[in-house]
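Work through the exercises below with the sequence and the model open. Each task is followed by a solution in steps.

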Amino acid sequence: MLRLFLPRDAAALALGAEDVARAITAEAARRGVEVTLVRTGSRGMIWLEPLLEVERDGIRQGFGPVTPADIPALFEAGFDDHPSALGPVEDIPFLARQTRLTFARCGVTDPFDLDAYRAHGGLAGLDRARAMTPAEIVQEVTDSGLRGRGGAGFPTGVKWRTVLEARGPRKYIVCNADEGDSGSFADRMLMEGDPFALIEGMAIAARAVGADRGYVYIRSEYPHAIAAMERAAGIARAAGLLGAAARGSGAAFDIEIRVGAGAYVCGEETSLLNSIEGRRGEVRAKPPLPAHKGLFGRPTAVNNVLTLAAVPAILAQGAAAYARFGLGRSRGTIPIQIAGNARRAGLFETGFGLSLGEIVEEIAGGTASGRPVKAVQVGGPLGAYFPPALFDTPFGYEEFDGAGGLIGHAGITVFDDTADMGALARFAFEFCAEESCGKCTPCRIGAVRGAEAVDRLCAGDTGALPLLGDLCETMRAASLCALGGFTPYPVESALRHFPEEFGLGRAAAE
Amino acid sequence: MDLPDDATARRAREIAGAHAGRDGALLPILHDLQAEFGHIPEAARPEIADAVNISAAELHGVISFYTDFRTAPAGRRSLRLCRAEACQAMGGAALWREVLAGLGLDEFGTTPDGRLTVEPVYCLGLCACAPAAMLDGEPLGRVTADRLSAALAGAAPC
């Protein structure tokens with residue numbers, strides 16, 4: 001019996017995986033060969049998608065990228081010798097070099113096969129958590145050093161302790177799956193490729209803080225992730241992992257999938273809560289913290305997909321095993337997303353501490369266009385542009401802060417030397433203006449005035465420079481949330497590292 | 001779907017009723033309405049406001065806040081082209097101009113024959129195969145104007 005594996009991840013579909021699947025079914029029927037085609041998530045090597053795998057002697061051999069036209073020849077060759085052959089998938093350097101804890105099963109198993117999930121280490125964390133008190137679970141997560149993977153980097157254990165200690169008739173776990181940052185796709189890949197990991201993480205979180213309801217707020221731009229989470233939640237419910245008296249533990253916990261409606265700002269936790277409540281996605285002033293007064297005014301733990309999906313491995317293998325990886329105060333692994341103009345674009349999970357240059361030059365292999373790298377934007381639309389001169393910066397929260405940037409959700413967008421840094425700085429303001437919720441003035445007005453100031457500057461009016469500096473200072477200091485507050489990062493970094501593109505000498509931009 | 005106002009209102013009441021007792025039901029209701037009607041019909045508004053117990057002004061505030069909710073029907077097919085940074089790094093801005101020019105559109109919107117609505121989107125999570133697009137809900141990676149034309153020439157969904 002021939003066992004084949006082919007991703008159903010949206011990126012694989014975008015590159016023709018469904019046509020390949022149809023070709024396999026047709027060719028197998030034509031030859032009268034019995035084939036089991038397992039649809040998986042993606043391994044994250046997007047430049048090789050559609051990546052077809054065949055299992056031989058317990059080893060997965062890869063072929064990619066494959067097209068429907070390759071399929072007859074692959075059958076003819078017995079899935080052995082073919083120009084697209086990659087050898088054992090796990091020996092491909094890009095994959096072999098990773099430390100996959102959060103993405104251990106992504107691309108390996110059928111995302112909706114709960115038995116496969118368990119056979120590959122799933123549910124061990126929840127089983128262990130069930131034998132622990134809430135305070136012990138919180139301590140374990142605290143000891144692991146896990147910090148918010150959505151970008152803020154706040155210690156997860158501290159947040160959970162606050163919710164655990166808060167009093168309320170009902171508490172909530174809210175998963176922030178509003179992954180709007182360009183250059184980020186790890187949340188999407190995880191939800192499509194290993195949705196039970198997120199569900200298990202939420203169930204552990206619920207036990208830790210005493211919540212009985214959870215919401216997963218997914219952006220509407222991710223229809224495949226929404227469908228995958230709906231389906232996985234149904235399977236988990238039928239298996240007793242979710243629902244009343246979940247799996248004999250006595251504690252009820254269930255989740256509901258909520259769909260966003262095209263507002264980037266809803267990735268900010270308080271506007272996300274307003275959106276679930278059915279309101280405009282406007283930011284709330286803090287305090288009160290969501291941990292004290294969150295969804296429907298009740299204590300709420302809001303965590304990113306990657307944060308929650310890291311928790312099962314932490315509970316299963318212990319805090320020390322997770323904290324062993326990393327650098328300084330950035331412990332554990334980080335799923336780095338390499339995007340844009342990169343030769344090997346995709347997802348690379350590794351312990352914190354690689355230098356930006358190692359990631360961009362060695363792992364990503366430079367640009368897809370073959371031209372020199374001009375800059376990389378790290379952390380999405382609100383992240384700074386880094387020139388190659390800063391490529392020795394180690395990948396860690398404090399280290400990036402020290403270099404005038406942030407790691408955000410760990411998306412790295414690569415630009416070659418044709419990039420127009422003035423246009424990108426202007427775009428940062430335009431995007432902020434487009435997506436501002438309008439609640440605070442620095443963001444709502446500052447973004448519009450900022451785009452005008454960049455235009456003036458690029459037209460040769462250096463008098464706009466002090467104004468731009470003032471605007472950025474006001475937005476940074478006085479915006480209610482990171483949308484207005486961090487828009488200066490891409491703008492000022494572009495200005496600082498590429499002043500000549502704004503018609504300035506280096507001294508003027510300092 | 002084109003219905004007389006009273007039928008629209010009745011259907012809106014049914015849709016809202018299916019979410020009765022659900023906390024924060026407004027966005028799910030609006031999504032369901034739009035899935036059925038292709039936009040949020042004017043005649044549905046009083047029913048929805050009533051069902052979730054908010055004023056007409058509050059409802060308008062919510063509908064107008066979110067880009068997804070339409071107040072008028074779109075074209076028969078939908079093309080969403082990503083304009084965010086990762087796609088810009090792979091020529092997304094030029095592709096955007098080329099696609100609009102090819103369709104004879106000055107800016108995003110619906111073609112005069114009502115066949116296609118083109119809209120910008122800020123990230124589809126397909127940043128490792130940029131530039132990306134979504135055509136009638138199907139993801140497309142490494143998009144070129146030629147590939148898009150071919151996809152648009154393909155059979156439209158009913």
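The exercises treat a predicted model and cover sheets, one residue's surroundings and salt bridges.

**Exercise 1.** Determine the strand order of the sheet that contains β1 and β2 of chain A, and state which strands stand at its edges.

Solution.
- Step 1. The order is β2-β1-β3-β4-β5 (chain A), in an open sheet of five strands with mixed pairing.
- Step 2. β2 (35-40) and β5 (85-88) of chain A each have a single partner strand, so they are the edges, and one side of each lacks a neighbour in the sheet.
- Step 3. From one strand to the next, the twist averages 25°.
- Step 4. Strand β1 (residues 2-7) of chain A runs parallel to β2(A), joined by six bridges. Opposite A:P7 stands A:T40 in β2(A).
- Step 5. Helix α2 (residues 17-31) of chain A lies across β1, β2 and β3 (52-56) of chain A, at about 170° to β2(A).

**Exercise 2.** Is A:F386 buried or exposed? Locate this residue and describe its surroundings.

Solution.
- Step 1. A:F386 belongs to strand β15 (residues 385-386) of chain A.
- Step 2. β15 is in an open five-stranded sheet of chain A with the order β13-β12-β16-β14-β15 and mixed pairing. β13 (346-351) and β15 of chain A are the edge strands, each pairing on one side only.
- Step 3. The pairing of β15(A) with strand β14 (residues 373-378) of chain A is antiparallel, over two bridges; within it, A:Y385 is the bridge partner of A:Q377.
- Step 4. The relative accessible area of A:F386 is 0%; buried means under 20%, so A:F386 is buried.
- Step 5. Leaving aside residues up to four places away in sequence, A:F386 touches residues including A:L356, A:V376, A:F391 and A:F400.
- Step 6. The C-alpha atoms of A:F386 and A:P490 are 9.2 Å apart, with their positions 104 residues apart along the chain.

**Exercise 3.** Examine the salt bridges of A:E76 with A:R31 and of A:E398 with A:R329, and classify the exposure of each partner.

Solution.
- Step 1. The side chains of A:E76 and A:R31 meet at 2.8 Å, N to O. A:E76 lies in helix α3 (residues 71-76) of chain A and A:R31 in helix α2 of chain A, 45 residues apart.
- Step 2. A:E76 is exposed at 60% relative accessible area, whereas A:R31 is partly exposed at 31%.
- Step 3. For A:E398 and A:R329 the N to O distance is 3.2 Å. A:E398 is in helix α16 (residues 397-402) of chain A, and A:R329 is in the loop between β10 (326-327) and β11 (330-331) of chain A, 69 residues apart.
- Step 4. A:E398 is partly exposed at 29%; A:R329 is exposed at 56%.
- Step 5. A:E27, A:R30, A:R31 and A:E76 form one network through salt bridges that share partners.

Notes. Residues numbered from 1 in each chain as written. Chains lettered and ligands numbered in written order. Predicted model: local features only at pLDDT ≥ 70, side-chain atom pairs only at ≥ 80, totals over all residues. Heavy atoms only, no water. Pairing = 2+ DSSP bridges. Helix = DSSP H or I, 4+ residues; strand = E, 2+ residues; numbered from the N terminus. Axes fitted to C-alpha atoms, helices over the stretch in contact; angles between N-to-C directions. Contact = heavy atoms within 4.5 Å. Buried < 20%, exposed > 50% of the residue type's maximum accessible area, 1.4 Å probe, protein only. Salt bridge = Lys/Arg side-chain N within 4 Å of Asp/Glu carboxyl O.
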